[in-house]
Amino acid sequence: MITIPLPFTSPPLRSNDRADWHAKAKTTREVRQAAAMVARRKRVKWPVAAILVWTVTDARRRDAGASAPTLKAVMDGLVDAGVLPDDNHRVVLSETCRIERGPKPAVRVELLPIDPDDLCECPACAHLFASVADFDNHRRTEC
Ligand SMILES: [Zn+2]
């Protein structure tokens with residue numbers, strides 16, 4: 001697994017924020033560039049599962065999934081930096097976001113290489129999945 005520590009104390013892009021289009025585009029560019037900068041020279045075997053982890057210091061309830069736009073921008077930056085050849089579903093099998101409690105606020109992305117021998121293929125479209133949950137989600141949403 002490789003870990004990409006990001007220079008943020010919270011995910012800069014959240015699906016429930018109200019910033020205007022122009023501000024969002026600017027933040028997206030900044031997140032993408034920051035990820036590319038931090039990850040430069042890291043290499044990872046793919047396919048991978050990508051996980052954004054937001055470390056918070058209090059017990060407030062938050063929406064873990066709302067950080068998805070930050071993870072998307074990070075994945076684009078990792079492609080820019082050559083860490084991954086692409087961010088399509090054959091390279092990045094899944095993108096998930098979670099929140100954990102810790103001593104300091106932080107945001108990191110973990111890339112977990114998945115052994116292709118551990119994968120199963122969808123009989124209908126050859127989509128690869130790493131888990132039963134992936135499979136269920138795929139059948140519900142894609143084929
Ligand atoms: Zn399928």
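**Exercises: strands and their partners**

In this predicted model, Val48 has Pro113 in strand 4 as its bridge partner. Let's build up the sheet from there.

**Exercise 1.** Find how many bridges join strand 2 to strand 4, and say whether they run parallel or antiparallel.

*Solution.* Start by locating strand 4, which covers residues 106–113. Next, count the bridges between strand 2 and strand 4: there are eight. Finally, check the directions: these two strands run antiparallel. As a reminder, strands of a sheet pair through backbone hydrogen bonds, and the pairing can be either parallel or antiparallel.

**Exercise 2.** Work out how strand 2 and strand 3 are joined, and which residue in strand 3 is the bridge partner of Val53.

*Solution.* Strand 2 spans residues 48–56, and nine bridges join it to strand 3. This pair runs parallel. Now look at single residues: Val53 has Arg98 as its bridge partner in strand 3, while Ala50 stands opposite Glu95. To get from strand 2 to strand 3, the chain passes through helix 2 (residues 68–80), making a right-handed β-α-β crossover.

**Exercise 3.** Give the order of the four strands in the open sheet, and explain why strand 1 and strand 3 each have one side without a neighbour.

*Solution.* The order is 1-4-2-3, with mixed pairing. Strand 1 (2–6) and strand 3 (92–101) stand at the edges and each have a single partner strand, so one side of each has no neighbour in the sheet. To complete the picture, add the twist, which averages 20° from one strand to the next.

Conventions: Residues numbered from 1 in each chain as written. Predicted model: local features only at pLDDT ≥ 70, side-chain atom pairs only at ≥ 80, totals over all residues. Pairing = 2+ DSSP bridges. Axes fitted to C-alpha atoms, helices over the stretch in contact; angles between N-to-C directions. Right-handed = clockwise from strand over helix to strand, strands pointing away.
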